[in-house]
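Visitor: Got a few minutes to go through this one with me? I'd like to jump around a bit.

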Amino acid sequence: MGITRRELMKDGLAIAALGLVAPTFLVKSAYGLNNGRRPSRAGGDSPIGSGANDALKKNTLVVIQLSGGNDGLGTVIPYADPAYFAARPSLAPDKAAILRMTDSLGLHPSLKGLKSLYDNGHMAVMQGVGYPNPNRSHFRSMQIWQSARPDINEPTGWLGRYLEAEDDDDENTLRAMNIGTIVPRTLWTETTLVPSITNVESYQFRTDGRYLGDPSAQIDTIHHLCEHTSHGPYEDYVSEAAIDAFKSSDILKGAVAKYQSDVKYGNNAFAEGMRLIAQVIQADLGTRIFYISLGGFDTHANQAGVHNNLLTMLDEGVNAFYTDLEKMGKADQVAVMTFSEFGRRVGENGSAGTDHGTSLPMFLIGGNIKGGIYGNNPNLTDLDNGDLRMQTDFRAVYASVISNWLGADPGKVIEGNFNTIQFTLQKTG
């Protein structure tokens, strides 16, 4: 009888042995899974939310991680508050250039595409999102956002737990996908392997030139390697997982080859990653979770130019992606969510930058997103030791996404009870 994924994850040595026979992307996924284990949640492996709206279960979620601590006050700007310009005499954009959403709140001048999405009712701005007793360490705060557990050092990720609980389609090896080189903690779990892909060409099993273009020969090669490398009780799993990974890479390569679009994406890694997500969505391979990162937001010095460039990349990448979705007729089935490990301090520092802060806005974007401002404008005169006060716990946003967008039970994924936010135009069953 073959070994299960759960049993494999109990032994890190077995994972190390995978490096001898398995493609690199499989090994990285396995290492991510073994970085920490936790007991299975109550209820075993049964799917969650079985009575939820079936239409919601066909929705797709794209998570964009803004790594480094995005300056929320420099992204969503309370331009009518004199305290903002007083706190940021050199960093505040020209007031006339701020893209006004309301009579008191606007977007950074580089976010013209997002402003258009907001004007058309397709972008929700969640104000003041954070968690109690915030941590200003990049590593620990990111770990908290990715695991959704501020109280403990949780090895699994919130989306990993969602995937594990919803694992009712074991034949689909591409239910989730990370665009990048390393699987983030968000997607870690003890039973589900999520591939990390930088491009289609790198996501494949390579043999020598004799087998190029011959999938059956490549699969035979994997069988041969597995059969001649002893892994004790793990042999069946290694063989099955490697073959599944190869098959998924072949499916992905074929699907992307059929992609047709006249939408122009930028010439940078983030834009290329968003284009890859669009290609997979167009192919309808059953991938429901995508994860991609845009880094560089740790703007302690010379923030104005750096932040402008980063927000421009975000804006152009998301806008091209949404335009692509509209042309496919899939904009209503996809939601994009942005987050960062923390915001920045209200006041600028002596190096024309900002230091680590706490709460910040999150964006939710999509054709079936009920656009608007959720929450109050930040209060710049009632601060928590120089930081903005939290309005919304990020776990409430996650719980809302799980319930109102993915059609599942957030109680099986997020610890604690949080009121969900009605940010969708769809009926939730």
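Guide: This is a predicted model, and we can take it topic by topic.

Visitor: Let's start with E8. Is E8 enclosed by the rest of the structure or left open to solvent?

Guide: Largely enclosed. In E8, 5 of the 6 residues are buried, so the rest of the structure largely encloses it.

Visitor: How many bridges join E1 to E8, and are they parallel or antiparallel?

Guide: Strand E1, residues 60-66, runs parallel to E8, with 6 bridges joining the two. For one pair, look at Val62, which stands opposite Phe290 in E8.

Visitor: And E6, how does that pair with E8?

Guide: Also in the parallel sense. E6 covers residues 176-179 and pairs with E8 over 4 bridges. Asn178 has Tyr291 in E8 as its bridge partner.

Visitor: Remind me, what holds paired strands together in general?

Guide: Strands of a sheet pair through backbone hydrogen bonds, and the pairing may be parallel or antiparallel.

Visitor: Moving along the chain, where does Thr299 sit?

Guide: Thr299 is in the loop between strand E8 (289-294) and helix H11 (303-328).

Visitor: Buried or exposed?

Guide: Buried. Its relative accessible area is 3%, and the cut-off for buried is under 20%.

Visitor: Which residues does Thr299 touch, beyond those up to four places away in sequence?

Guide: Thr299 touches Val306, Arg344, Gly353 and Thr354.

Visitor: New topic: cavities. How many of 30 Å³ or more are there in the whole structure?

Guide: A search finds 4. Take the second largest cavity, which has a volume of about 70 Å³.

Visitor: What lines that second largest cavity?

Guide: The lining residues are Leu66, Asn70, Thr75, Leu314, Thr338, Phe339, Ser340, Leu360, Pro361, Met362 and Phe363. Strand E9 (334-339) and strand E10 (360-365) are the elements that give two or more residues.

Visitor: Which element gives the most?

Guide: E10 does, with 4 residues.

Visitor: What is the make-up of that lining by class?

Guide: There are 7 nonpolar and 4 polar residues, and no charged ones.

Visitor: Leu360 was in that lining. How far is Leu360 from Thr392?

Guide: They are 32 residues apart in sequence and 9.7 Å apart in space, C-alpha to C-alpha. Thr392 belongs to strand E12, residues 392-393.

Visitor: What is Thr392 in contact with, leaving aside neighbours within four places in sequence?

Guide: Gln127, Gly128, Val129, Gly130, Val397 and Ile421.

Visitor: Now a helix. Why call H6 largely enclosed?

Guide: Because 8 of the 10 residues of H6, which spans 138-147, are buried. The buried ones are Arg140, Ser141, Met142, Gln143, Ile144, Trp145, Gln146 and Ser147.

Visitor: What comes just after H6?

Guide: Ala148, which takes a positive phi of about 65°.

Visitor: Last one. In what order do the strands of the sheet with E2, E3 and E4 run?

Guide: The order is E2-E4-E3, in an open sheet of 3 strands with antiparallel pairing. The edge strands are E2 (76-77) and E3 (99-100), and each pairs on one side only.

Visitor: How many bridges between E3 and E4?

Guide: E3 pairs with E4, residues 106-107, over 2 bridges in the antiparallel sense. One pair to check is Arg100, whose bridge partner in E4 is Gly106.

Methods: Residues are numbered from 1 along each chain as its sequence is written. This is a predicted model: local features need pLDDT of at least 70, side-chain atom pairs count only at pLDDT 80 or more; totals for chains, interfaces and linings use all residues. Side-chain values use heavy atoms; hydrogens and water are left out. Buried means under 20% relative accessible area, exposed over 50%, partly exposed in between (1.4 Å probe, protein chains only). Contact means heavy atoms within 4.5 Å. On a 1 Å grid over the protein atoms alone, a cavity is a set of points where a 1.4 Å probe fits but cannot get out, and a pocket is an open set with protein on both sides within 12 Å along at least five of seven lines; lining residues have an atom within 4 Å of a point. Grid points are joined across faces, edges and corners, and a volume is the space filled by probe spheres set on the points. Ala, Val, Leu, Ile, Met, Phe, Trp, Tyr, Cys and Pro count as nonpolar, Asp, Glu, Lys and Arg as charged, and the others, Gly among them, as polar. Two strands pair if DSSP finds at least two bridges between them.
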